[in-house]
Amino acid sequence: MSGEIVRAELLSCSYREGQVLEDISFQVERGDYVGIVGPNGSGKSTLVKALLGLVRISKGSASLFGTPLSNFRNWSKVGYLPQSLHLVNPIFPATVHETVGLGLLSLKRFPKRLNRADNIKIDKTLCELGISELKHKLIGELSGGQLQRVLLARAIVNDPELLVLDEPTAALDPETRDRFYAMIADINNSRGVTVLLVTHDSGAIGEYASKMLYLDKKILFYGSFDEFCCSPEMSSLFGEHSQHLMCHRH
Amino acid sequence: MNLLEILSYGFIQRALLAGTLIALLCSVLGVFLVLRRLSLIGDGLAHVTFGSTAIALALKFYSAMSLLVTAPIVMLASLGILKLTEKGRLSGDAAIGLVSALGISAGIILASVGGGYNVDLLSYLFGNILSIKKEEVVIAGFLCLGVMLLLTLYYHELFAISFSDELAKVSGIRTSFINSILVLLTALSVVLAMKLVGIMLISSLLIVPAAGALQLARGFKVCIVLAALQGCSSVIIGIIISIMSNLPASASIVMVNLLFFAAACVVRRIIYPRNSN
């Protein structure tokens with residue numbers, strides 16, 4: 001199966017502090033695993049939020065599944081995992097089961113109700129991610145790694161075709177982080193889910209991503225990881241480190 | 001006076017019925033408001049209720065009729081708070097403070113122009129559930145039914161926006177619309193609760209049951225049920241204590257509510273000692 005999943009054309013975003021993204025144009029095809037990397041303040045999170053309609057696009061356009069963002073309604077095709085530390089209120093009284101169930105609302109019409117089949121689907125997703133034993137725990141009782149997996153379960157329980165992850169490993173130790181990346185790669189391979197993943201960690205993500213997008217308000221590079229390591233732009237940015245990145249993959 | 005004798009009086013039956021209905025509304029809504037960090041919206045809207053009650057009294061709308069004036073004004077104010085938060089580059093608490101100041105100052109000016117504070121206006125400040133009239137109970141009943149119906153229909157959307165606005169948006173939920181429903185229902189409940197505990201104590205009816213339930217609940221639905229149980233029990237016990245001890249009903253209800261909260265904190269420390277800090 002092929003097809004355009006995400007397209008940005010001359011997309012710009014600005015906050016009061018000034019322009020954050022400038023003339024961003026790129027396209028993501030079905031089945032791609034795109035790692036979005038760049039320095040702090042380069043606009044990585046703003047880019048994915050703009051693509052999801054969470055921040056206003058000041059110029060240019062974006063589309064999802066071939067539909068302009070302003071007309072896009074089929075949110076059941078999209079799974080989103082934000083930076084969880086900012087997201088979760090530690091006193092929120094929801095159980096893991098209830099939290100994952102929220103991911104199914106995009107499939108429901110008014111009045112939205114979850115039925116027995118939905119509960120089975122939630123249990124199946126928890127089992128797939130190896131967190132069935134957390135089902136009745138409150139989200140405030142989870143460790144960082146457990147919370148990430150629960151929020152990932154919430155993002156994939158509706159079988160999305162596009163999974164957008166915004167710095168999902170920021171609060172994780174290296175070992176848990178690598179396991180998490182491998183889990184996303186598995187979802188990408190086994191389910192054919194297109195993945196957009198924002199991270200600081202260009203080395204680790206290179207091991208799994210099929211494409212890299214290097215951003216610093218503008219796109220400095222967009223292509224395969226090997227091209228990324230060998231490109232003159234990256235060599236000038238990373239120097240010898242670009243070769244190190246390559247070794248990381250091989 | 002024994003308990004059965006107390007319960008045989010019509011005015012006490014009306015107070016218990018209306019009070020329980022209003023407490024049910026406030027405690028359920030309170031869970032969503034507390035989790036959305038909008039706890040003090042009750043206070044802000046209560047101050048607007050004071051201003052709008054002054055307008056109602058100036059227009060000679062008394063008792064149940066005053067709802068015709070106060071309810072639309074307070075509902076508009078609740079949407080104003082929402083818009084100020086969304087568009088006015090203000091945090092929720094600052095927007096609430098701004099609308100609250102407008103409400104209370106408008107009330108003071110109107111009361112002053114109308115010849116100073118009168119007994120009616122002061123009774124709204126501290127509430128008087130025992131003087132509730134039959135038609136007010138009927139109105140409370142219908143409004144309560146309407147609000148509970150909307151809460152049931154939009155339960156999952158309200159749950160989703162309470163968890164995260166951002167995630168709710170990416171789930172295709174119209175967050176502005178659901179937020180508007182939440183604040184409009186809160187506005188209606190605040191107007192109703194004015195008679196129960198008065199403008200000064202309305203926010204406690206919204207916040208305290210939710211705060212108590214959050215100590216013990218293991219699940220979102222459980223939290224809502226616990227909050228409703230605490231809110232309704234506090235009203236029933238508070239009214240009975242106030243009659244038996246000749247104390248003001250509004251303050252008695254709030255004190256019982258606070259005792260429930262304290263008890264929930266103690267029980268939490270006993271049941272979940274590891275999670276108590």
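Okay, a quick definition before we start: a residue counts as buried when its relative accessible area is under 20%. Keep in mind, too, that this is a predicted model.

So, let's use that cut-off on Ser203(B). Its relative accessible area is 10%, so Ser203(B) is buried. Where does Ser203(B) sit? In helix α11 of chain B, which covers residues 202-216. And who are its neighbours? Leaving out residues up to four places away in sequence, Ser203(B) touches Gly42(B) and Asp43(B). With Asp43(B) there's also a polar contact, side chain to side chain, at 3.4 Å.

Right, over to chain A and its sheet. Here we have an open sheet of six strands, and if you walk across, the order is β6-β7-β8-β3-β9-β10, with mixed pairing. Which strands stand at the edges? Those are β6 (78-81) and β10 (218-224) of chain A; each has a single partner strand, so one side of each has no neighbour in the sheet. Going from one strand to the next, the twist averages 15°.

Let's zoom in on one edge. β6(A) pairs with β7(A), residues 162-166, in the parallel sense, and there are four bridges between them. If you want a pair to look for on screen, take Tyr80(A), whose bridge partner in β7(A) is Val164(A). Helix α5 of chain A, residues 144-156, packs on the sheet there and touches both β6 and β7 of chain A, with its direction at about 165° to that of β6(A).

Then there's helix α6 of chain A, residues 174-191. That helix lies across β3 (33-37), β6, β7 and β8 (194-198) of chain A, and runs at about 155° to β8(A).

How values were computed:
Residues are numbered from 1 along each chain as its sequence is written. Chains are lettered from A and ligands numbered from 1 in the order in which they are written. This is a predicted model: local features need pLDDT of at least 70, side-chain atom pairs count only at pLDDT 80 or more; totals for chains, interfaces and linings use all residues. Side-chain values use heavy atoms; hydrogens and water are left out. Two strands pair if DSSP finds at least two bridges between them. Helices (H or I, at least four residues) and strands (E, at least two) are DSSP runs, numbered from the N terminus. Axes are lines fitted to C-alpha atoms, for helices over the stretch in contact, and angles run from 0 to 180 degrees between N-to-C directions. Contact means heavy atoms within 4.5 Å. Buried means under 20% relative accessible area, exposed over 50%, partly exposed in between (1.4 Å probe, protein chains only). A polar contact is a pair of N or O atoms within 3.5 Å; within protein, one must be able to donate a hydrogen and the other to accept it, and residues adjacent in sequence count only if both atoms are side-chain atoms.
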